[in-house]
Amino acid sequence: MVIFSLVANYCFGQIKEAEKNHQYEPTPFSIPVMDHIASFEGKKAPDFMVKDINGYERSISQFLGNNLCLIFLDSQPIPENINSFLETAITQEYKILVVYNNSKDQCKSYPGVPVIANGRFIGEAIYGQELGTPRAFLIEKNGIMRKVLLSVELEGVINVGDLINSYLF
C-alpha cells in the first residue's frame, strides 16, 4: 500500500508539472469574416439608441429616409483619407454617424456629423468588432444594409466618399 501511494504521488506530481508547463491558449470562437458580412448585407440594419458626445439621442431608425454611412473608428490616429472624408462629410448626399470605441475626450468631432463615444458595446455586440476598425456599414433609405466596408477597403482608396457613393447611388 505504501508503494502504491508513493507511485501515485509521483505520477500525480508529474501530471501537475506537465499542466503547469503546457502553454495552451484557446482561440476565441469567431465566424469567418465573409460569413459575418453576409449576415448583415441585404438585411435590416440592427438598431440601437445611445447619446452622442453632445447629449443627443441617436439611433439608426432616426435616419430612415436617408442613406446612412455608419462608421466605426478606434484609437487615433485616424487614416488620413478617412479623416479628410469626415471633415467634408457635411457636403455628402447621405448622412454619416461615427461610433468611436474611445472615451469622449479622445473623440474628434466633425462638422454636421454626430459622434458617439464609448461605442465598444455597439461595435462588439451589434456590429461585429471582429471585422476590425475602421469599418463602415452603408445603410439604404429603407434601413436595409447595402454594403459592409472593411478597413482594407476603406484605407486602400484615396476618396472614401466616391467609394461610398458607388454603393449608395
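User: How many nonpolar, polar and charged residues does the lining of the largest pocket have?

Analyst: In this predicted model, the lining has seven nonpolar, three polar and two charged residues. The residues concerned are F63, N66, A89, I90, Q92, E93, Y94, K95, I96, G112, V113 and P114. Glu and Lys count as charged, so E93 and K95 fall in that class. Gly counts as polar, so G112 joins N66 and Q92. The volume of this pocket is about 170 Å³.

User: What makes this space a pocket, and the other space a cavity?

Analyst: The distinction lies in whether a probe can leave: a cavity is a set of points where a 1.4 Å probe fits but cannot get out, whereas a pocket is an open set. Searching the whole structure yields one cavity of 30 Å³ or more. The largest cavity has a volume of about 70 Å³. It is lined by 13 residues, and those nearest its centre are I60, S61, L64, I139 and G143. By class, that lining comprises six nonpolar, four polar and three charged residues.

User: Why is N101 called buried?

Analyst: The relative accessible area of N101 is 8%. Buried means under 20%, and N101 is therefore classed as buried. This residue belongs to the loop between β4 and β5. Apart from neighbours within four places in sequence, its contacts are L73, D74, N118, G119, R120, Q129 and T133.

User: Why is V157 called partly exposed?

Analyst: V157 has a relative accessible area of 25%. Since buried requires under 20% and exposed over 50%, this value falls in between, and V157 is therefore partly exposed. The residue is located in the loop between α5 (151-155) and α6.

User: Which residues is V157 in contact with, leaving aside its neighbours within four places in sequence?

Analyst: They are N81 and L163. Contact means heavy atoms within 4.5 Å, so each of these residues has a heavy atom within that distance of one in V157. The C-alpha atoms of V157 and N81 are 7.6 Å apart, although 76 residues separate the two along the chain.

User: Why are β3 and β4 said to pair?

Analyst: Strands pair if at least two bridges are found between them, and β3 (residues 68-73) and β4 (residues 95-100) have six bridges, so the criterion is met. The two strands run parallel. L68 has K95 as its bridge partner in β4, and L73 stands opposite Y100.

User: How many bridges join β4 to β5?

Analyst: Two bridges join these parallel strands. The criterion is at least two bridges, so β4 and β5 also count as a pair. Within this pair, V99 is opposite I116 in β5.

User: What makes β5 and β7 the edge strands?

Analyst: The sheet is open, with five strands in the order β5-β4-β3-β6-β7 and mixed pairing. β5 (115-116) and β7 (145-149) each pair on one side only, and they are accordingly its edge strands.

User: In which direction do β6 and β7 run, and how many bridges join them?

Analyst: β6 and β7 run antiparallel and are joined by four bridges. L138 has K147 in β7 as its bridge partner. Their hairpin has five residues between the strands, and G143 there adopts a positive phi near 85°. G143 is also one of the residues nearest the centre of the largest cavity.

User: Why are β4 and β7 described as mostly covered?

Analyst: Five of the six residues of β4 are buried, as are four of the five in β7. Buried means under 20% relative accessible area, so those residues each fall below that limit.

User: Which helices lie across or pack on these strands?

Analyst: Helix α3 (residues 80-87) lies across β3 and β4, at about 135° to β3. Helix α6 (residues 160-168) packs on the sheet and touches β3, β6 (135-139) and β7; its direction and that of β7 make an angle of about 150°.

User: What does the secondary structure of the protein come to?

Analyst: There are six helices and seven strands, following the pattern α-α-β-β-β-α-β-β-α-β-β-α-α along the sequence. Of the 169 residues, 39% are buried. Among contacts with a separation of 6 or more, 59% link residues 24 or more positions apart.

Notes: Residues numbered from 1 in each chain as written. Predicted model: local features only at pLDDT ≥ 70, side-chain atom pairs only at ≥ 80, totals over all residues. Heavy atoms only, no water. Axes fitted to C-alpha atoms, helices over the stretch in contact; angles between N-to-C directions. Buried < 20%, exposed > 50% of the residue type's maximum accessible area, 1.4 Å probe, protein only. 1 Å grid on protein atoms, 1.4 Å probe; cavity = no way out; pocket = protein on both sides within 12 Å on 5 of 7 lines; lining within 4 Å. Points joined across faces, edges and corners; volume = space filled by probe spheres on them.
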